[in-house]
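This report describes how the parts of a two-chain model fit together. Please look at the sequence and the structure first.

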Amino acid sequence: MSQDSAFALPFQAPAVLDEHALATATSQLNTLLEELG
Amino acid sequence: MLGQPALCREVMIGLLGGGNVLIEGQPGLGKTLLVRTLADALAIEASRIQFTPDLMPADITGTQVLMRDDTGKSTLEFRKGPLFANLVLADEINRATPKTQSALLEAMQEHAITVAGVRYQLTEPFCVIATQNPIETEGTYPLPEAQLDRFLVKVVVGFPTIDVLRSIGIATTGTATQAARRVMTREQLIAIQRLVRQIVVAPHVAEVAAKITMATHPEAVESPARVKKLVRFGASPRAMQALLLAGRANALLAGRAWVGAEDLIAVAPPVLRHRMILGFDATLDGVTTDALVGDVLGTIQ
């Protein structure tokens, strides 16, 4: 990975974002935040 | 971690964005505990490096040692250093010499280490959480701007309130030990990091990020008066990329599939505070970078 590509952003959004994956990820992250205090 | 919700959230944003985190705060505020707890909860490998003036690059990257087998034949073997972990706590990073600090750069930016001409890829996820003490500056080597720019976010840890201090005292001096519950696997974390990059950024939101970055430059027409007067150098283009990445992570934490201007405003202080170089007048006037970031955000609201 080059220095510049490390932050390269996909400005074209995917046509369909997996809503189930999004909800699961958000739930897991909030649990993690609770775990951290 | 008692009484530090902002610290936890901003460190999480750095980790989710696949970046590195710089924490500024006094010793004893629980920075090592945070890294250990994160590693336990995420089932990833953590290591801790105490930076000192005599720490050499090979002490952190690893080095080649001469090994002799049963037949008496000698071979050079690479012994991995503490950078070969998923979560690396670089404690008091500004106590090491620039030579050792720069040895971190390749690992931080490219997630790889080159030793004796051989490139070793680090295991994903990889995140450096570096700390520095804002008070004891004697005998330290301040991080150069180019290296500061490599940190996705800089988190400032304030001193806890008296109530929190009392709770910390009670919770940590008894016999009870608290271990973090495992929340997700390493693979799930990597999948979430990929998901962060799929969060939608509309063109007008990207324009807001560009305007925020531009307004940190004293020579820009749209920058606020105090920025024109007190800032020597504004944030780099990497700051705008960091704003969008951190904004995406912030949106994911809120359960949204798209980034709003409110995400950029929320992440702007930790993203920009180490990327604006202030002049001497700012010190004289007692104006902090956070106050100037507030002025910058005022221009887009």
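In which sense do strand E1 (residues 20–24) and strand E9 (residues 151–156) of chain B pair, and over how many bridges? In this predicted model, E1(B) and E9(B) run parallel, joined over five bridges. At one of these positions B:Glu24 stands opposite B:Val156 in E9(B). Strand E9 of chain B is mostly covered, with five of its six residues buried.

**A hairpin in chain B**

An antiparallel pair is formed by strand E6 (residues 112–115) and strand E7 (residues 118–121) of chain B, which share four bridges. B:Ile113 has B:Tyr120 in E7(B) as its bridge partner. Two residues lie between the strands of this hairpin, and B:Ala116 takes a positive phi near 50° there.

**The nonpolar core**

In soluble globular proteins, nonpolar side chains tend to be buried together. The largest nonpolar core of this model has 86 residues, of which B:Val21, B:Ile129, B:Leu243 and B:Ala246 touch the most other members. H10(B) gives the most to this core, with eleven residues. Which residues are in contact with B:Ile129, leaving aside its neighbours within four places in sequence? They are B:Val11, B:Val21, B:Ile23, B:Val35, B:Leu87 and B:Leu89.

**Two helices with a buried side**

H2(B) has twelve residues and reaches 17 Å from its first C-alpha to its last, close to the 16 Å expected at 1.5 Å a residue. Its buried residues are B:Lys31, B:Leu34, B:Val35, B:Thr37, B:Leu38, B:Ala41 and B:Leu42. These residues are on the same side of H2(B) because they cover an arc of only 165° around the axis.

In helix H13 (residues 289–298) of chain B, the buried residues are B:Thr289, B:Leu292, B:Val293 and B:Val296. They fall within an arc of 105° seen down the axis of H13(B), so they line one face of the helix. What do the buried residues of H13(B) pack against? The partners are helix H8 (203–214), helix H9 (225–230), strand E10 (231–233), helix H11 (261–272) and strand E11 (277–278) of chain B.

One contact of H13(B) residues involves B:Arg273, found in the loop between H11 and E11 of chain B. Is B:Arg273 buried or exposed? It is buried, because 21 other C-beta atoms lie within 10 Å and the cut-off for a buried residue is 20 or more. Not counting residues up to four places away in sequence, B:Arg273 touches B:Lys154, B:Thr289, B:Asp290 and B:Val293. B:Thr175, 98 residues apart from B:Arg273 along the chain, has its C-alpha atom 40 Å from that of B:Arg273.

**Backbone exceptions**

Most residues other than glycine have a negative phi, and most peptide bonds are trans. The table gives two residues of chain B with a positive phi.

| Residue | Phi | Loop | C-beta atoms within 10 Å |
|---|---|---|---|
| B:Ala43 | near 55° | between H2 and strand E2 (46–50) of chain B | 15 other C-beta atoms within 10 Å |
| B:Glu92 | near 55° | between strand E5 (87–91) and H4 of chain B | 17 C-beta neighbours inside 10 Å |

B:Ala43 comes just after H2(B) and is partly exposed. B:Glu92 also counts as partly exposed. A cis peptide bond, with omega about -5°, joins B:Glu124 and B:Pro125. B:Pro125 is in the loop between E7 and strand E8 (127–132) of chain B.

**Chain A and its contact with chain B**

Chain A has one helix and zero strands. Of its 37 residues, 11% count as buried. How many residues of chain B are in contact with chain A? There are 32, and they meet 23 residues of chain A. Helix H1 (5–16), helix H2 (31–42), helix H4 (98–110), helix H7 (186–196) and helix H10 (237–253) of chain B each give two or more residues to this side. H10(B) gives the most, with six residues. By type, the side of chain B that touches chain A divides into 20 nonpolar, seven polar and five charged residues.

On the side of chain A, A:Gln28 lies in helix H1 (residues 19–36) of chain A. A:Gln28 is partly exposed, with 16 other C-beta atoms within 10 Å. It touches B:Val183, B:Met184 and B:Gln188, not counting residues up to four places away in sequence. A:Gln28 and A:Leu17 are eleven residues apart in sequence and 18 Å apart in space, C-alpha to C-alpha.

Notes. Residues numbered from 1 in each chain as written. Chains lettered and ligands numbered in written order. Predicted model: local features only at pLDDT ≥ 70, side-chain atom pairs only at ≥ 80, totals over all residues. Contact = placed C-beta atoms within 7 Å. Nonpolar A, V, L, I, M, F, W, Y, C, P; charged D, E, K, R; others polar. Buried ≥ 20, exposed ≤ 12 C-beta atoms within 10 Å, placed from the backbone. Pairing = 2+ DSSP bridges. Expected span 1.5 Å × (residues − 1). Arc of directions from axis to C-beta. Core = buried A, V, L, I, M, F, W, Y, C linked by C-beta atoms within 7 Å.
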